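Visitor: I'd like a close look at one part of this model, please. Could you walk me through the surroundings of one ligand?

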Amino acid sequence: MKEFDSDELSQYNGENGTPIYIAHAGKVYDVSESKLWRNGLHMKRHNAGRDLTTDIQAAPHQTDVLERYPQVGIFKKEVEERKIPAAIAWMLKKYPMLRRHPHPMTVHFPIVFAFSPPTFVFLYLITGVKSFEMTALHCLGGGIIFSIVGITTGIYTWWLNYLAKPLKAVKIKIPLTLTMLVTEIIIFIWRILVPDVLNSIRGVSIIYLLLVFSLIPMITVIGWFGASMTFPVEKE
Ligand code: HEM
Ligand code: HEM
């Protein structure tokens, strides 16, 4: 039976009319005839052309559904010949969730903390209540800490699970997350040094405000491109 490695399997992802193959537990199945794998996408989230052994554990069905389709080959998982440091390899064996979960688990914090400063500054602007403005400062502090956590786990998951390949989403996320972090640090330090920067909105205060509100588009784009990797958008 034909042997597939991950590069070869990835060519059968249903794009441009190619056959639709998926791998599970060392076997490659041809699901081209399935309505539920049309265009190589299953349930709007699982891409064909990959080893889905782990993913199927979250499915509402058992693995017997695979038997509806012919096996067309054997999937040869490359043993992680990439030099993963022994400590990380040991940790992943003992706690398999540390492979995929750290990034999705930690990204919600920088997202909330990036939306919060503009939200609270906006509340301060419309109500004049100073404590809203103080909350914005505190949230900026949280934003700096959790952006660093999000960036670290992002680089980790990209290196470990995406072999640090220069994917479009990652090429956008890396510079943008760094820009967002630098922006958060600038406004945080600015606000500490000039506590009354928003007492009246004119001159440099407008630049301060623009920087605060620039967090909204930045975090939206970062989150969008992140999620586009985990939940691909269905193609027509
Ligand atoms: C967590 C995400 C998943 C959801 C929500 C999901 C949902 C479903 C549903 C509702 C069906 C129809 C059930 C039936 O016909 O009995 C189905 C069928 C199927 N699923 Fe999944 N599934 C998921 C993940 C996977 C994964 C990762 C694989 C591959 C390893 C897979 C392979 C299949 C196959 C081969 C079928 C049969 C399709 C057919 O009969 O044409 N599913 N799935
Ligand atoms: C503050 C920084 C970051 C935020 C808020 C963020 C946000 C997200 C979000 C919301 C997801 C979708 C997760 C899910 O729904 O399961 C995601 C996935 C992802 N992000 Fe990030 N990200 C950040 C930094 C980075 C960086 C710096 C990189 C790469 C170097 C990166 C690489 C990835 C990858 C590879 C995925 C797919 C994860 C997977 O499939 O398991 N992220 N990100």
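Which residues come nearest to ligand 2, and how many are around it in total?

Guide: Sure! This is a predicted model, so local features need pLDDT of at least 70 and side-chain atom pairs count only at pLDDT 80 or more, while totals for chains, interfaces and linings use all residues. Residues are numbered from 1 along each chain as its sequence is written, and chains are lettered from A and ligands numbered from 1 in the order in which they are written.

Around ligand 2 there are 25 residues, and P104, V107, G150, G154 and G226 come nearest. A residue gets on that list if its C-beta atom, placed from the backbone, lies within 6 Å of the ligand. Sorted by class, the shell holds 13 nonpolar, 10 polar and 2 charged residues. Here Ala, Val, Leu, Ile, Met, Phe, Trp, Tyr, Cys and Pro count as nonpolar, Asp, Glu, Lys and Arg as charged, and the others, Gly among them, as polar.

Which helices do they come from? α4, α5, α6, α7 and α8 each supply at least two shell residues, and α6 gives the most, with 8. (Helices are DSSP runs of H or I, at least four residues, numbered from the N terminus.)

So let's follow α6, residues 130–161. Its 32 residues reach 45 Å from first C-alpha to last, close to the 46 Å expected at 1.5 Å a residue; the expected span is 1.5 Å times one less than the number of residues. G150 and G154, both among the residues nearest ligand 2, are also among the buried residues of α6, as are C139, F146 and W158. Buried means that 20 or more other C-beta atoms, placed from the backbone, lie within 10 Å of the residue's own. The buried residues of α6 pack against α4 (102–106), α5 and α7, where contact means C-beta atoms within 7 Å. Just after α6, L163 takes a positive phi of about 50°.

Now for α5, residues 108–127. Its end C-alpha atoms are 28 Å apart, which agrees with the span its 20 residues should have. Even so, there's a kink of about 25° at S116, shortly before P117; that bend is the angle between axes fitted to the seven residues ending there and the seven starting there. P117 is itself one of the buried residues of α5, along with F113 and F120, among others. Those buried residues pack against α6, α7 (168–193) and α8 (204–230). After α5 comes G128, with a positive phi near 80°.

Technical notes
A residue is buried if 20 or more other C-beta atoms lie within 10 Å of its own, exposed if 12 or fewer, and partly exposed in between; C-beta atoms are placed from the backbone. Two residues are in contact if their C-beta atoms, placed from the backbone, lie within 7 Å.
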